[in-house]
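Reader: Could you take me on a close look at one part of this model, the last helix you would pick out and the aromatic rings around it? I would enjoy one connected account rather than a list.

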Amino acid sequence: AVESTANTESGSRIFLYEVVGLRQSEETDKTNYPIRKSGSVFIRVPYNRMNQEMRRISRLGGKIVSIQSMSALEQLNGNAAANGSNGASNQGNVEDASVANNATDEKSRKKDKKGNTMTEAKAKKKDVPVNTYRPKDPYIGKCLSNEELVGEGGIGTVRHLKFDLSAGNLRYLEGQSIGIVPPGVDKNGKPEKLRLYSIASTQHGDDVDDKTVSLCVRRLEYKHPETGETVYGVCSTYLTGLEVGADVKITGPVGKEMLLPDDPEANIIMMGTGTGIAPFRAYLWRMFKDEEKKVNTDYQFKGFAWLIFGIPTSPNILYKEELEELQSKYPDNFRLTYAISREQKNSEGGRMYIQHRCEEYADELWNMVKDEKTYTYICGLKGMEDGIDAALSAAAAKEGVDWKDYQKQLKKAHRWNVETY
């Protein structure tokens, strides 16, 4: 649930939560959240920890009353102060939940331990649309289609949804997200908050007419830890069951972390699990689809793209036919690798996850990553990150390079981009 995003604090997307209802207790004392007399707590949260912080705040009895982009506040006040009209204040303490910064204004050339230079990426010149529509005044679109993506015998349900944008001015770029506001009220009787979803279509839409936006949505379901009953996600259940012709409240777009480089000769590594394929579908369609090539006169992809896609079963390979068609049509420019956990075995005989594929191809990936034209994108379950790092760390170590240090420089150059949950 968030209404804006931006690059702040050296490139990390940071948001300011205003929280009320936190009880002073032994547990909250451990969090270092400063509980003020007014009952409000202001917490700085990076994009990739938003869901975790929301769950933690809920466990502590808190309620989020506003969420604001730190960059937007800085633009308004010049010092990261919150906008009072949205319920936040620049008074009091702010809890910092940030992780290490991922970008820099440095333009100098860096060197790794082997003396290889790493050029900082040039600042993006293209305009990036952000928050054209906000939760208080969302765009009302219509559902044009809602199609099942999981084949027979697969696990769960994942739907490809297409929404009409023709009555508004919502424009977006590949790699961005939109917010969906589900109908109804939450357990506290308040209107449901928006949920963010990665956009699965190119900026021109699936019909290549600039009039639609598409999402790839899995219905969230899990067993309640205490009662054992099946619990379904509010917004995902709403979307996966949405009827064609129904209205839907849309906000955004948001996001700058996952944007493609403008260079048509760049190499793109994509590692994703499940619905984390959404932005990668947008990338690949922009790169290779004939209809897209006709309208993208300023972008004709000539680089190399490699998708490593983790799924539980073969019927869960989302967009399978189209992906394999692209691989067949462009074998010199597109490589497709699956990690099918319940059907394939890793080198130790266990289930094959995406991190095991990275271990298998670590040397190839490392050689690509060293190329200054290579950009890496990771989207999906956070659990894959450690395994990916371990694989590349081992490959880099063969050349005497410390992967952690090298990765920091990649992030500063906007060549290592992660959106996990």
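Author: Gladly; here is a walk that starts with confidence, turns to the helix and its rings, and then visits a few single residues.

This is a predicted model, in which local features need pLDDT of at least 70 and side-chain atom pairs count only at pLDDT 80 or more, while totals for chains, interfaces and linings use all residues. Residues are numbered from 1 along each chain as its sequence is written, and side-chain values use heavy atoms, with hydrogens and water left out.

The mean pLDDT (the predictor's confidence in each residue, from 0 to 100) is 82 for the chain, and 77% of the residues reach 70 or more. Over residues 1-12 the pLDDT is below 50, and beyond near neighbours in sequence this stretch has 56 contacts in the model, a contact being heavy atoms within 4.5 Å. Residues 24-30 also have pLDDT below 50, with 6 contacts beyond near neighbours in sequence. Where pLDDT is low, the predicted coordinates should not be read in detail.

Now to the helix you asked about. Helix H11 spans residues 403-412, and in it Trp403, Tyr406, Gln407, Gln409 and Leu410 are buried. Helices here are DSSP runs of H or I with at least four residues, strands are runs of E with at least two, and both are numbered from the N terminus. Buried means under 20% relative accessible area, exposed over 50%, and partly exposed in between, using a 1.4 Å probe and protein chains only. The buried residues Trp403, Tyr406, Gln407, Gln409 and Leu410 cover an arc of only 160° around the axis, which puts them on the same side of H11; the arc is taken from the directions from the helix axis to the C-beta atoms. As a reminder, an α-helix has 3.6 residues a turn, so residues three or four places apart point the same way.

Both ends of H11 are worth a look. At the N-terminal end, Asp402 acts as the cap, with a side-chain oxygen 3.1 Å from the backbone nitrogen of Lys404. This is a polar contact, that is, a pair of N or O atoms within 3.5 Å; within protein, one must be able to donate a hydrogen and the other to accept it, and residues adjacent in sequence count only if both atoms are side-chain atoms. After H11 comes His414, whose phi is positive, near 60°, in a residue other than glycine. His414 lies in the loop between H11 and strand S19 (416-420) and is partly exposed, with a relative accessible area of 33%.

From the helix we can move to the rings. Rings of Phe, Tyr and Trp (its six-membered ring) pair if their centres lie within 6.5 Å; planes under 30 degrees apart count as stacked, over 60 as edge-to-face and the rest as tilted. By this rule the count comes to 13 aromatic pairs. One of them joins Trp306 and Tyr361 edge-to-face, at 5.6 Å centre to centre with 70° between the planes. Trp306 belongs to strand S16 (residues 305-311) and Tyr361 to the loop between helix H8 (354-360) and helix H9 (362-370), so this pair ties together parts that are 55 residues apart in sequence. Trp306 and Tyr361 are both buried.

Another pair brings us back to H11. The ring centres of Trp366 and Tyr406 are 5.0 Å apart and their planes stand at 65°, so the pair is edge-to-face. Trp366 lies in helix H9 and Tyr406 in helix H11, so the pair ties together parts that are 40 residues apart in sequence. Trp366 is buried at 1% relative accessible area, and Tyr406 counts as buried at 3%.

Trp306 has a charged partner too: the charged end of Arg335 sits over its ring, 3.9 Å from the centre. For this, NZ of Lys or CZ of Arg must be within 6 Å of the ring centre and within 35 degrees of the ring normal. Arg281 likewise lies over the face of Tyr319, at 4.8 Å from the ring centre. Elsewhere, Phe288, Tyr299, Phe301, Tyr330 and Phe334 form one aromatic cluster.

Strand S16, the strand of Trp306, also holds Gly310. Gly310 is buried, with a relative accessible area of 9%. Leaving aside neighbours within four places in sequence, Gly310 is in contact with Gly272, Thr273, Gly274, Ala339 and Ile354.
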